[in-house]
Amino acid sequence: MNFLGEPDGFVIAERCKVVVNKCFTMNVLGIDIGGSALKGAPVDTATGKLLGERFRVPTETVYTPARVAKAALEIVRHFDWKGPVGIGFPGVVQGPLILSSANLHKGFIGCDGEALFRKALRLPVSLINDADAAGLAEVAFGAGRRKSGTVLMLTFGTGVGSALFVDGRLYPNSELGHVPIHGDSAEKRISAAAKERKGLSYKKWAHRVSDYLNILETILNPGLIIVGGGISHDHAKWFHHLKVKTPLVPARFFNEAGIVGAALQAAGRLAK
Ligand code: BGC
């Protein structure tokens, strides 16, 4: 059960925010684990604001769990942090366990991620999928605030992450970046990394993204799509090439959403 007495993994972002405001207002160190770096900052979970400048530790996708945990410790030490830590991981997270790792070391698969980071950091730790974290931040404080119905957040980076909300309630680990297209995970064609790797112009890449979004529209009929990840900064260069029915907006937190959302969920789970 989570802190709202709901089945594990289900969070109502709006309610989460209200509860956070009323009883669980706390500062939490949010850490976002990505393919090329770990990024972290202390977050005021009542407002979603960063309390310090984001600190980045470059890593590589081949880094073992132990090395990634060491990089997380660098962030903790940088801020001289002594409180709770929320961590967003790019894979399926069920309770304390990491069940997939498409773009990071395979040693993460099946690993007790919370125990790994708790031992390395010697602090209370709560883990969540990185895109779910980003979605929570946007729905609580950003582009998805007060939006009812189906809201889909997609993050374009090394992989493609998804966070699916219905009336503010998160359906965890939706993993829509792995929808098969031409026999392979969609993210292999449409991630920001794929754009770089294949040297695609914004226009060409946006056409691929459109095909993907059209599939998601057919299946899910979302009322709003929020686009996050570093490439959402450049939305003016590619949104106009997209052919989609659904209103599409850039994330308000851009690529800080993962940090803020990781902190938010930790505030809910650890403040008991
Ligand atoms: C992972 C997701 C993650 C996404 C973005 C995908 O490869 O399977 O869990 O959210 O990348 O990092």
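**Exercise 1. Determine which residues of helix H2 are buried and what covers them in this predicted model.**

Step 1. The cover over the buried residues of H2 includes strand E1 (27–33), strand E2 (37–44), strand E4 (55–58) and helix H3 (113–121). The model is a predicted one.

Step 2. The buried residues of H2 are Pro65, Val68, Ala69, Ala71, Ala72, Leu73, Ile75 and Val76. A general point helps in reading such a list: an α-helix has 3.6 residues a turn, so residues three or four places apart point the same way.

Step 3. Helix H2 spans residues 65–78, which is 14 residues. From its first C-alpha to its last it reaches 20 Å, close to the 20 Å expected at 1.5 Å a residue.

Step 4. After H2 comes aspartate 80, which has a positive phi, near 50°.

**Exercise 2. Establish the strand order of the open five-stranded sheet and describe the setting of E14 within it.**

Step 1. The order is E11-E10-E9-E14-E15, and the pairing is mixed. Strand E11 (169–171) and strand E15 (248–250) are the edge strands, each pairing on one side only. Direction ignored, neighbouring strands of this sheet are turned by 25° against each other on average.

Step 2. On one side, strand E14 (residues 224–228) is joined to strand E9 (residues 150–156) by five bridges, and the two run parallel. Valine 151 has leucine 224 of E14 as its bridge partner, and methionine 153 has isoleucine 226.

Step 3. E14 also runs parallel to E15, with three bridges between them. Here isoleucine 225 has leucine 248 of E15 as its bridge partner.

Step 4. In a regular strand the side chains alternate between the two faces of the sheet. In E14, Leu224, Ile226 and Gly228 point one way, Ile225 and Val227 point the other way, and all are buried. E14 is thus mostly covered, with five of its five residues buried.

Step 5. Two helices that lie across E14 can now be placed. H4 lies across E9, strand E10 (160–166), E11 and E14, at about 45° to E10. Helix H7 (residues 202–220) lies across E9, E10, E14 and E15, at about 150° to E9.

**Exercise 3. Classify the crossing of helices H4 and H9 and characterise their contact.**

Step 1. The axes of helix H4 (residues 130–141) and helix H9 (residues 257–270) come within 7 Å and cross at roughly 85°.

Step 2. Angles of 65 to 115 degrees count as roughly perpendicular, and H4 and H9 are therefore roughly perpendicular to each other.

Step 3. H4 contributes Asp130, Ala133, Ala134, Leu136, Ala137, Glu138, Ala140 and Phe141, which meet Ala257, Gly258, Val260, Gly261, Ala262, Leu264 and Gln265 in H9. By class, this contact has ten nonpolar, three polar and two charged residues.

**Exercise 4. Decide whether glutamine 265 and threonine 47 are buried, partly exposed or exposed.**

Step 1. Glutamine 265 belongs to helix H9. Its relative accessible area is 5%, so glutamine 265 is buried. Leaving aside its neighbours within four places in sequence, glutamine 265 contacts Gly86, Ile87, Ser126, Leu127, Ile128 and Leu136.

Step 2. Threonine 47 sits in the loop between E2 and strand E3 (49–50). With a relative accessible area of 37%, threonine 47 is partly exposed.

Step 3. Threonine 47 and phenylalanine 141 are 94 residues apart along the chain, and their C-alpha atoms are separated by 7.5 Å. Phenylalanine 141 is also one of the H4 residues that meet H9.

Key. Residues numbered from 1 in each chain as written. Predicted model: local features only at pLDDT ≥ 70, side-chain atom pairs only at ≥ 80, totals over all residues. Heavy atoms only, no water. Axes fitted to C-alpha atoms, helices over the stretch in contact; angles between N-to-C directions. Helix = DSSP H or I, 4+ residues; strand = E, 2+ residues; numbered from the N terminus. Parallel < 35°, antiparallel > 145°, perpendicular 65-115°, else oblique. Contact = heavy atoms within 4.5 Å. Nonpolar A, V, L, I, M, F, W, Y, C, P; charged D, E, K, R; others polar. Expected span 1.5 Å × (residues − 1). Buried < 20%, exposed > 50% of the residue type's maximum accessible area, 1.4 Å probe, protein only. Pairing = 2+ DSSP bridges.
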